[in-house]
Structures are given as C-alpha cells and as structure tokens.
Amino acid sequence: MTATGEKKYHVGLGPGEVGQYVLVPGDPGRTPMVAKYLDGAREVAFSREYRTFTGSLEGVPVSTISSGMGGPSVAIAVEELNELGVHTFLRVGTCGAAQPEIKVGDLVIAIGSVRSEGTPNGYVPLEYPAIASLDVVNALVEASTKAGVPHHVGIMRSVDALYSDLMPDKMPRPQHLREELAMWSRAGILSNDMETSTLFVVARLRKLRAGTINLCVDELGSHAEGRGGRDPASHPARRACR
C-alpha cells in the first residue's frame, strides 16, 4: 500500500531511504539514541509510531526505525520495509524478566518466542513456531560477549495485554493469570515482551532474517518497570550488524 509518490503508507518511507539492515526499538523516542551508534545518521521519516533514522556502518546503509508497541504495528513495519528491500531486522527493545537470575540492565537474546499474542494467528496457525534466524542469534551472542554485557540466551514470550502480566491481581481472573505466569517461568521462559513473536513469524514467512536483543527493565516479582534510560542493547546490535 502506498501514499503520495512511492512512499509506503504507514512507515512513510520511499526507495533509497532505508538500509537493508534495520535496528528496531519500540519507542520513537529511542531511535535518536540508537542512531548515535550509526555513522552520519539523519532522520528521514516520522510517520505514526514509525520514526526512522538512516546512517551507515563500514559504508553499508543501516537504519533504525521504531515499531511502536505490540504485534500489529510490527507486522506492518516488516511488510512495508520488506517491500523497500530490508532483509535483516534486529529488535532492540525492552522486556520483563521471567527468571530470578535476570536483573534490570541485563540483556536477553531470543532464540524463539512463545506466541501468547494474536497477530501471527492472522498469518499461520499456532503450531507454526516463532524462531529467530540462527546467524543473527550467533552474531548477537558474540557481540554481547565481546562487549562484556551480562546477557541470557533462550526462549521469550510475547503477549498482547501488558498489564495482565504486570498487575494480575487487578484483573478479573487473578488466580488464572498468576498460575499462567508461574507456569511459563517453570517452563524456562526467560522474559516477556510484546513484539518478538510477531517479528519472528512474519520475517520467516517473508524469507527475511530477524533477531531480538532486549534490555530487562522489570525483574521477576517487582511489577514495576525500571526507568534508567540505559540503552546497552544497541551497542551489541551495532556490532552484530558488522
């Protein structure tokens, strides 16, 4: 779908305005922070929740574009950016820990994600797994290790209703929600976010590469997100792009 000229209707970008590698935070306010890791980055579009800066790494065009919150906006971004030639997506977002050893400020690298949200169901049945691209995962692990940043690698869980996880006791089914959260923790899920499973499913269906490296902002049992303004995920993601 296009609007005026050749720009994509939702992301507001046209041919040549975005690199083939894209770093994807959720918050439009974080794209300038991520853009600082790129050479010669400049803002090229700000349409709806999608704010885009494009620069380069070692002469290769690289962009950062915010996705907004949740699966629907992520799916739209992947579809439209795919039409503009993007082939690799790195989510650099935030998450809440599901294991006690994961602390605020740690990074979580996803090899896959539980599909506890609805957007991918419009593409394929639940039996289809949400799996990261192996080479992207390996690059993120190597970059995080070299950066000396505490990181954890494993399976995440993506949800639609953030506050059902944060405040289950205020919901109509508190016991059910608490038991569900405890079950996923016992199953070894590392953390929860709202975007990763959609990113992985849509990217794989479109034969694109995708990975997630999230900053933990909420420890298990705290139910209060950290607000430190730190962005350690962008540095390993930048190294992984190399």
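Guide: Before we look at single residues, buried means under 20% relative accessible area, exposed means over 50%, and partly exposed is everything in between. The model in front of you is a predicted one.

Visitor: Why is Arg178 called partly exposed?

Guide: The relative accessibility of Arg178 is 41%, and since partly exposed lies between under 20% and over 50%, that value falls in the middle class. Its partner Asp169 is exposed, because a relative accessible area of 54% is over 50%.

Visitor: What makes the contact of Asp169 and Arg178 a salt bridge?

Guide: The side chains of the two residues meet with 2.3 Å from N to O, and the cut-off is within 4 Å for a Lys or Arg side-chain nitrogen and a carboxyl oxygen of Asp or Glu, so the pair qualifies. Elsewhere, salt bridges with shared partners join Arg91, Asp193 and Glu195 into one network. The whole structure holds eleven salt bridges.

Visitor: How do you know that Asp193 and Arg91 form a salt bridge, and which parts of the chain does the pair link?

Guide: Here the N to O distance is 3.1 Å, which is within 4 Å, and the pair therefore counts. Asp193 belongs to strand 10 (residues 191-193) and Arg91 to strand 5 (residues 88-91), so that distant parts of the chain, 102 residues apart, are linked. Asp193 has a relative accessible area of 4% and Arg91 also has 4%; being under 20%, these values make both residues buried.

Visitor: Why is Arg51 called buried, and what is Glu43?

Guide: Arg51 stands at 18% relative accessibility, which is under 20%, and it is therefore buried. Glu43 has a relative accessible area of 35%, and this value, between the two cut-offs, makes Glu43 partly exposed. The two residues form a salt bridge, with 3.0 Å between the closest N and O atoms.

Visitor: What makes the phi of Glu58 worth a remark?

Guide: Most residues other than glycine have a negative phi. Glu58, by contrast, has a positive phi, near 50°, although Glu58 is not glycine. This residue sits in the loop between strand 3 (50-57) and strand 4 (60-65), and because its relative accessibility of 59% is over 50%, Glu58 counts as exposed. Lys207 is another residue other than glycine with a positive phi, near 60°, and its place is the loop between helix 6 (196-205) and strand 11 (209-218). With 77% relative accessibility, a value over 50%, Lys207 is likewise exposed.

Visitor: How do you know that strand 11 is mostly covered, and which strands pair with strand 11?

Guide: Nine of the ten residues of strand 11 are buried. Strand 5 pairs with strand 11 in the parallel sense over four bridges, and strand 6 (residues 94-97) does so in the parallel sense over three bridges. Strand 7 (residues 107-116) pairs with strand 11 in the antiparallel sense, over three bridges. In each case the count meets the requirement of at least two bridges, and the strands are therefore said to pair. Among the bridge partners, Thr88 stands opposite Arg209, Gly96 opposite Asp218, and Val108 opposite Asn214.

Visitor: What makes Val153 eligible for a nonpolar surface patch?

Guide: Val153, which lies in strand 9 (residues 151-159), has a relative accessible area of 39%, and as patch residues need over 30%, the value passes the cut-off. Together with Ile111 and Ile155, Val153 makes a nonpolar patch of about 220 Å².

Definitions and conventions:
Residues numbered from 1 in each chain as written. Predicted model: local features only at pLDDT ≥ 70, side-chain atom pairs only at ≥ 80, totals over all residues. Heavy atoms only, no water. Patch = residues over 30% accessible without salt bridge, like charges linked within 9 Å, V, L, I, M, F, W, Y side chains within 5 Å. Areas by Shrake-Rupley, 256 points an atom, 1.4 Å probe, with all protein chains shown as cover. Buried < 20%, exposed > 50% of the residue type's maximum accessible area, 1.4 Å probe, protein only.
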